[in-house]
Amino acid sequence: VLQSLMPYTFLNSIIFLFWVSLLSSLNLFVFLIYVATSLMTFDWFLLEHIFLYIISTTTFSEIFTIGLMWFFLIFSIFLKCGIAPLFFWKPVFFKGIPMVSIMFYIIFFYFFLFIFLIYFLIIYLHELFYYYSIILFTFVISGLIMLLSIICESFYLKTFFAVSSILNSLLVLLAMLPSHNFYSYIYL
């Protein structure tokens, strides 16, 4: 009965999006619980000051722990947004939905979510963003390599839109990374 009311690919895409969103949201929720229990605050204004205090007064193991927390935050956000290298769900989702839904998703949902992500990283987590830029740099470069290897194989327009939105997001994130760190990565 349900199959006669809705196309199979559309329903399959919606269910796939639901599960990926659920798993990324649960990952983000567990991350926030861990941050709250280890730093004893949810106040994003205080996190910068706590981070600077930890960097100046603690050992390498605690700095590594904060780097691991930063990795899980970036992992959760990249999975939720479908940014490479965690974009596996986006082409599958785009193949099954109509073109009008793709345009609505890209223009209204993804654009504003990505603008919020950039604002959040630059304004609220400025010091973390620049201190651990190697983690973001690793995500972005591995995503660019993956996308450049599959972009020529996107024969369908819907898949091309998915890959294009991911590639544009990666280029914006690459431009946001501090340029002085790129030179230090090249000369290592």
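Helices α2 and α3 (DSSP runs of H or I, at least four residues, numbered from the N terminus) are oblique to each other, that is, neither under 35 degrees (roughly parallel), over 145 (roughly antiparallel) nor 65 to 115 (roughly perpendicular). In this predicted model, local features need pLDDT of at least 70 and side-chain atom pairs pLDDT 80 or more, while totals for chains, interfaces and linings use all residues. Residues are numbered from 1 along each chain as its sequence is written, and side-chain values use heavy atoms, without hydrogens and water. The axes of α2 (residues 8-39) and α3 (residues 44-57) cross at roughly 60° and come within 12 Å; axes are lines fitted to C-alpha atoms over the stretch in contact, with angles from 0 to 180 degrees between N-to-C directions. Leu32, Val35 and Leu39 of α2 make the contact (heavy atoms within 4.5 Å) with Trp44, Leu47, Ile50 and Ile54 of α3.

Helices α5 (residues 89-96) and α6 (residues 99-124) have axes that come within 9 Å and cross at roughly 130°, and are therefore also oblique to each other. On the α5 side, the contact involves Trp89, Lys90, Phe93 and Phe94; these meet Ile102, Tyr105, Ile106 and Tyr110 of α6.

Helix α4 (residues 60-81) has 22 residues and should span 32 Å at 1.5 Å a residue (1.5 Å times one less than the number of residues); its end C-alpha atoms are 31 Å apart, which agrees. Residues of α4 that are buried (under 20% relative accessible area, 1.4 Å probe, protein chains only) include Ile63, Trp70, Phe78 and Cys81. Just after α4, Gly82 has a positive phi of about 75°.

Key. Helices (H or I, at least four residues) and strands (E, at least two) are DSSP runs, numbered from the N terminus. Buried means under 20% relative accessible area, exposed over 50%, partly exposed in between (1.4 Å probe, protein chains only).
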